[in-house]
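User: Please take a close look at the part of this model that faces the nucleic acid, and then follow it inward as far as the structure allows. I would like one connected account, with the cut-offs stated.

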Amino acid sequence: MPELPEVEITRRGIAPAIKGIAVKKVVIRQRRLRWPISAGLARELPGETVDSVDRRAKYLLLGTTAGTLITHLGMSGSLRALSNPGPAQKHDHVDIVFANGTCLRFTDPRRFGSMLWTRRDPLRHRLLARLGPEPLHPEFDGEYLYKSARGRRGAIKLHIMNAATVVGVGNIYASEALYAAGINPRRAAGRISLPRMQLLSDTIKLVLENAIKVGGTTLRDFTGGDGQPGYFQLELNAYDRDGQPCPGCGSAIRRIVIGQRSTFYCPHCQT
DNA sequence: ATGCGGACCTGTTAGC
DNA sequence: TGCTAACAGGTCCGCA
């Protein structure tokens with residue numbers, strides 16, 4: 001379920017329920033995720049208090065004195081704080097049970113997600129150490145994006161989806177931001193002017209901020225804490241609209257494949 | 001260094 | 001109705 005907005009909504013949803021609370025036990029039913037869950041998690045997390053609930057890129061970081069739990073939701077993962085957890089279902093792989101009875105439940109049918117326990121600075125973890133800037137931070141701007149693209153001949157869509165360039169831009173928002181900026185997703189990254197990169201960095205911020213504002217409702221099967229289904233509150237102008245009229249000019253939105261991922265754009269408006 | 005394809009999994013939907 | 005193929009929000013890794 002994750003694009004950055006969904007991860008941020010998840011963070012905001014679970015933080016009040018678990019911050020400042022001690023972990024009682026960790027129940028692991030399936031340790032084979034993207035990477036196997038290490039034995040250290042169940043051994044070292046119980047007894048610790050969750051001091052912080054942070055996000056870096058699409059990773060959620062639960063900080064304690066002893067170490068940090070780094071969680072990624074992959075393609076189909078979710079994390080819910082339940083006060084009355086029912087019996088675990090098929091894909092409920094991990095429960096983190098707190099002293100106040102709250103159960104933080106990790107569910108992930110495709111198991112592309114991950115749960116990593118580290119005793120060191122999580123930002124130095126090999127998966128986090130080389131990440132680019134956060135898209136909503138000021139250091140991510142047109143000038144940065146322009147410079148990062150010098151000499152790059154690959155498609156701009158792949159460039160903005162590359163976590164070394166900027167984190168958190170997933171397949172849906174890449175299409176949406178490029179649509180809003182009027183840039184053809186296939187255009188070589190290194191052949192886009194500074195003003196257009198300024199526009200693109202702005203549209204990336206806008207599209208992500210808006211999605212967070214409306215509750216991270218990008219995804220078909222995402223339901224926030226209030227049970228409001230996603231995908232409908234957020235207006236998608238290009239993504240998943242193959243053959244439908246472009247809101248700007250009326251010509252048909254087209255679906256192409258870039259880097260093995262579906263890509264949607266308006267051949268008339270995006271150059 | 002950059003760029004590309006393959007890999008990891010399961011579930012849902014479109015098509016015959 | 002039933003079977004099969006295509007496709008789905010991510011991103012790491014190895015090879016050219």
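Analyst: **The surface at DNA strand B**

A polar backbone atom of Pro109 lies 3.4 Å from a sugar or linking oxygen of DNA strand B. This is a predicted model, in which local features need pLDDT of at least 70 and side-chain atom pairs count only at pLDDT 80 or more, whereas totals for chains, interfaces and linings use all residues. Residues are numbered from 1 along each chain as its sequence is written, chains are lettered from A and ligands numbered from 1 in the order in which they are written, and side-chain values use heavy atoms, with hydrogens and water left out.

Two arginines join Pro109 in making polar contacts, a term for a pair of N or O atoms within 3.5 Å, where within protein one atom must be able to donate a hydrogen and the other to accept it, and residues adjacent in sequence count only if both atoms are side-chain atoms. Arg110 places a polar side-chain atom 3.0 Å from a base oxygen of the strand, while a side-chain N or O atom of Arg111 is 2.9 Å from a phosphate oxygen. The residues around DNA strand B, each with a heavy atom within 4 Å of it, are Lys90, His91, Pro109, Arg110, Arg111, Phe112, Arg152, Arg153, Gly154 and Gln260. This surface divides into 5 charged, 3 polar and 2 nonpolar residues, where Asp, Glu, Lys and Arg count as charged, Ala, Val, Leu, Ile, Met, Phe, Trp, Tyr, Cys and Pro as nonpolar, and the others, Gly among them, as polar. On the DNA side, sugar or phosphate accounts for 56% of the strand's atoms within 4 Å of the protein, and bases for the rest.

Gln260 leads from this surface to a hairpin, since its place is in the loop between β9 and β10; helices (H or I, at least four residues) and strands (E, at least two) are DSSP runs, numbered from the N terminus. Gln260 has a relative accessible area of 79% and is therefore exposed, where exposed means over 50%, buried under 20% and partly exposed in between, with a 1.4 Å probe and protein chains only. Most residues other than glycine have a negative phi, yet the phi of Gln260 is positive, near 65°. Gly259, also in the turn, has a positive phi of about 55°, and 2 residues separate the two strands of the hairpin. Strands β9 (residues 254-258) and β10 (residues 261-265) pair in the antiparallel sense over 5 bridges, DSSP pairing requiring at least two bridges, and Arg255 stands opposite Phe264 in β10.

From the hairpin the path goes inward to α5, because β10 is among the elements that cover the buried residues of this helix, together with α1 (4-18), α4 and α6. With 10 of its 11 residues buried, α5 is largely enclosed by the rest of the structure. Among the buried residues are Ile172, Tyr173, Ala177, Leu178 and Ala181, and just after the helix Gly182 takes a positive phi of about 70°.

This brings us to the largest nonpolar core, which has 31 residues, with Ile156, Ile160, Ile183, Met197, Leu200 and Ile204 having the most contacts inside it; such a core is a set of buried Ala, Val, Leu, Ile, Met, Phe, Trp, Tyr and Cys residues joined through side-chain atoms within 4.5 Å. At least two of its residues come from each of α4 (156-161), α5 (171-181) and α6 (194-213), and the largest share, 7 residues, is supplied by α5. Setting aside residues up to four places away in sequence, Leu200 touches Leu145, Ile156, Ile160, Ala177, Leu178, Ala181 and Ile183, contact meaning heavy atoms within 4.5 Å. Apart from this core lies another, of 24 residues, including Ile37, Leu41, Leu62 and Met115.

Two loop residues beyond this path are also enclosed. Thr102, in the loop between β6 (92-98) and β7 (103-107), is buried with a relative accessible area of 9%, and its contacts beyond four places in sequence are Ala17, Ile18, Ala81, Leu82, Ile96 and Val97. Ala57, in the loop between β2 (52-56) and β3 (59-63), counts as buried at 6% and has a positive phi of about 55° although it is not a glycine.
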